[in-house]
Amino acid sequence: MRSSLTRCSWSVTGWREPRTGSRVSRARPTGRGRLHYRARVSTSPDRRAFLGDLAERLPHGSVVTRAETLEGLRRDQTPIIEAGMPIAAVLPTSTEEVAMVLRLASEHRVPVVPRGAGSGLAGGANAIDGGIVLSLIRMDRIIEIDTDDLVVVCQPGVLNATLAAEVTARGLFYAPDPSSFEICSIGGNLATNAGGLRCVKYGVTRESALALEVVLADGEVTRVGRRSVKGVAGYDLVGLFVGSEGTLGVITEATLRLRPAPLPAGTLLATFDRLADAATAVADITAAGVLPSVLELMDQTTIRAVEEWRQLGLDTDAAALLIARSDTADFGRAELDAAQTACRSAGATEILRATDALEAEGLMDARRAAYPALERLGIALLEDVAVPRGEIVRLVEAVERIAAEHEIRIGTFGHVGDGNLHPTLVIPRGDAAAQARALEAADAILRETLALGGTLTGEHGIGLLKRELLGTELGAGGIRLSRAIKDALDPLGILNPGKALPS
Ligand SMILES: Cc1cc2nc3c(=O)[nH]c(=O)nc-3n(C[C@H](O)[C@H](O)[C@H](O)COP(=O)(O)OP(=O)(O)OC[C@H]3O[C@@H](n4cnc5c(N)ncnc54)[C@H](O)[C@@H]3O)c2cc1C
């Protein structure tokens, strides 16, 4: 009975309570759609009744209203962007409890922000004034590891690193490996469709998701997908929920695909005098039929930041470096030979090859240090754009031009093998003028990416950060379809309102 429903609305002017129409928060968009909330906790009788109902039905300790705890749960890791003030954080331990919370939230029209480990970089888990944060972190059980079917069944709150370690102990492999693997949850990975270094070979999270249990906005528990690796019956509902950033349902269980453990990887590091040469090498590696398990780029700004911090012996005069790994036979010898030939003919000035696992890890250290090295220099605003591989050079050159124009230090690194780069804008702490310039520069990078046929986000999601530009990428048709899906699954608009779609 859609027509009889009173839909809650959330807009850039804030969350509007349906019954009274009173505004409980204000937000204003700046630049690229960053939203600034003015925190104000609702104390309306209706909200108090909601909290009372929750506390009555859930086990003691599940509903938290202490200001200090809420402070720690109201934002993710995105710098600069602000967050609202929730009326409570709710920490369920079972699907039934999640369903109960959503039934009550629907009844009372309270916005619900699902939250995993809060490591997101798009503001997706940031709280909304007057809403609740639904933390899934206590639902952290690995339910089953099936070594015959090669699947793992788990709850959403298990950390990626914990899951990976458990399956590795059984000689198996869970492929999606965001760099944040030690601090992010499987639920968050699914909701953002997280990527990582190995995705160039093994695909992003969606490619490992077989089936999900999801609680819908009205509290209905539903299952989508199947346990078999193959299966095409019906619409791809798993694909729909993966990457939906908590706006279509709350993921309470996942059946994920495992693989046999790969062979130990070999690693190659090549440096280049010209960025264009590194890009040519990437194209040639691909053309040679090599399927590296990792193919990463670091630009000069990033190389210098890493070297300044860690003194790994990197060539700070190099314009770029590439790191390629192969996990085929004999430490990837044949593939890395081909990659080495490609790098040499593209003009690499130096090529290092690791001969054992320890050395390989040593070379990978340079890449792992990229983000923390830039973060040492100021507030690091990590962008996440992807372009067709053929446009990599134009993208990095555009980033260099934008950095000069806006007088902002930008280090670019990332998953060049699948065209996904992380230009990282470094803002001196306490410098408001630089912050304003950085936001403009970030906007310019996004627009340049779209002009190159790329996408606003390769793996982090839209969240709050990029919602105002999404229409430019998806077009009116894409936005209309997305809204139709949102309306069908969440007719009251209580699930993570204001995220992942333009206002
Ligand atoms: C240092 C660093 C490195 C990073 N590296 C990478 C990287 O290499 N690749 C990458 O993809 N990301 C990376 N990230 C970003 C982040 O770790 C990922 O987006 C991750 O998937 C978020 O998981 P989380 O559990 O922290 O989710 P949160 O931040 O808590 O939430 C993220 C989104 O998912 C929703 N959500 C969470 N749980 C559920 C659920 N159970 N049901 C429905 N919706 C839910 C939230 O509402 C929100 O919209 C990095 C972050 C940091 C800080």
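Two strands are said to pair if DSSP finds at least two bridges between them. The exercises below apply this to a predicted model.

**Exercise 1. Determine the sense in which strands S12 and S14 pair, and place them in their sheet.**

Step one is to count bridges: strand S12, residues 209-215, and strand S14, residues 250-257, are joined over 6 bridges, and the sense of the pairing is antiparallel. As a point of register, Ala 211 stands opposite Thr 255 in S14.

Step two is to widen the view to the open sheet of 5 strands, whose order is S9-S10-S14-S12-S13 with antiparallel pairing. Its edges are formed by strand S9 (142-146) and strand S13 (221-225), each of which pairs on one side only. From one strand to the next, the twist averages 15 degrees.

Step three is to identify the helices that pack on this sheet. Helix H3, residues 95-108, touches S12, S13 and S14, and its direction makes about 50 degrees with that of S12. Helix H4, residues 160-168, touches S9, strand S10 (151-154) and S14, and its direction makes about 35 degrees with that of S9.

**Exercise 2. Trace the pairing of strand S22 with S17 and with S23.**

Begin with the strand itself: S22 spans residues 409-415 and is mostly covered, with 6 of its 7 residues buried. Towards strand S17 (residues 294-299), S22 is joined by 2 bridges in an antiparallel arrangement, and here Leu 297 stands opposite Gly 414 in S22.

Towards strand S23 (residues 420-427), S22 is joined by 7 bridges, and these two strands also run antiparallel; Arg 409 stands opposite Val 426 in S23. Finally, S22 and S23 form a hairpin with 4 residues between them, and Gly 419 in the turn has a positive phi of about 75 degrees.

**Exercise 3. Describe the largest nonpolar core and the surroundings of Cys 343.**

The largest nonpolar core has 52 residues, and those with the most contacts inside it are Leu 268, Phe 272, Leu 297, Leu 322, Cys 343, Val 416 and Leu 425. Helix H14, residues 432-451, gives the largest share of this core, 8 residues. A second, separate core has 25 residues, including Val 90, Ala 105, Leu 136 and Leu 492.

For Cys 343, once residues up to four places away in sequence are set aside, the residues touched are Leu 268, Ala 270, Phe 272, Ala 281, Ile 285, Leu 322, Ala 348 and Ile 351.

**Exercise 4. Decide whether Ala 339 and Arg 429 are buried or exposed, and list their contacts.**

The cut-offs come first: a residue is buried under 20% relative accessible area and exposed over 50%. Ala 339, found in helix H10 (residues 329-346), has 1% relative accessibility and therefore counts as buried. Leaving out residues up to four places away in sequence, Ala 339 touches Leu 268, Ile 285 and Val 290. The C-alpha atoms of Ala 339 and Val 290 are separated by 7.2 Å, although the two residues are 49 residues apart along the chain.

Arg 429 is found in the loop between S23 and H14, and with a relative accessible area of 58% this residue is therefore exposed. Beyond its neighbours within four places in sequence, Arg 429 is in contact with Glu 375, Gly 378 and Ile 379. Between the C-alpha atoms of Arg 429 and Gly 347, which are 82 residues apart along the chain, the separation is 38 Å.

**Exercise 5. Locate Asn 193 and Ala 500, and give the sign of phi for each.**

Asn 193 is found in the loop between helix H5 (186-192) and helix H6 (199-202). Its phi is positive, about 55 degrees, although Asn 193 is not a glycine, and at 13% relative accessibility Asn 193 counts as buried.

Ala 500 lies in the segment after H15. Its phi is likewise positive, near 65 degrees, in a residue other than glycine, and Ala 500 is buried with a relative accessible area of 15%.

**Exercise 6. Characterise the second largest pocket by its volume and lining.**

The volume is about 640 Å³. The lining of this pocket consists of 27 residues, of which Arg 206, Val 242, Gly 243, Ser 244 and Glu 245 lie nearest its centre. The elements that give two or more residues to the lining are helix H7 (237-241) and helix H15 (467-489), and H15 supplies the largest share, 6 residues.

Notes: Residues numbered from 1 in each chain as written. Predicted model: local features only at pLDDT ≥ 70, side-chain atom pairs only at ≥ 80, totals over all residues. Heavy atoms only, no water. Axes fitted to C-alpha atoms, helices over the stretch in contact; angles between N-to-C directions. Contact = heavy atoms within 4.5 Å. Core = buried A, V, L, I, M, F, W, Y, C linked by side-chain atoms within 4.5 Å. Buried < 20%, exposed > 50% of the residue type's maximum accessible area, 1.4 Å probe, protein only. 1 Å grid on protein atoms, 1.4 Å probe; cavity = no way out; pocket = protein on both sides within 12 Å on 5 of 7 lines; lining within 4 Å. Points joined across faces, edges and corners; volume = space filled by probe spheres on them.
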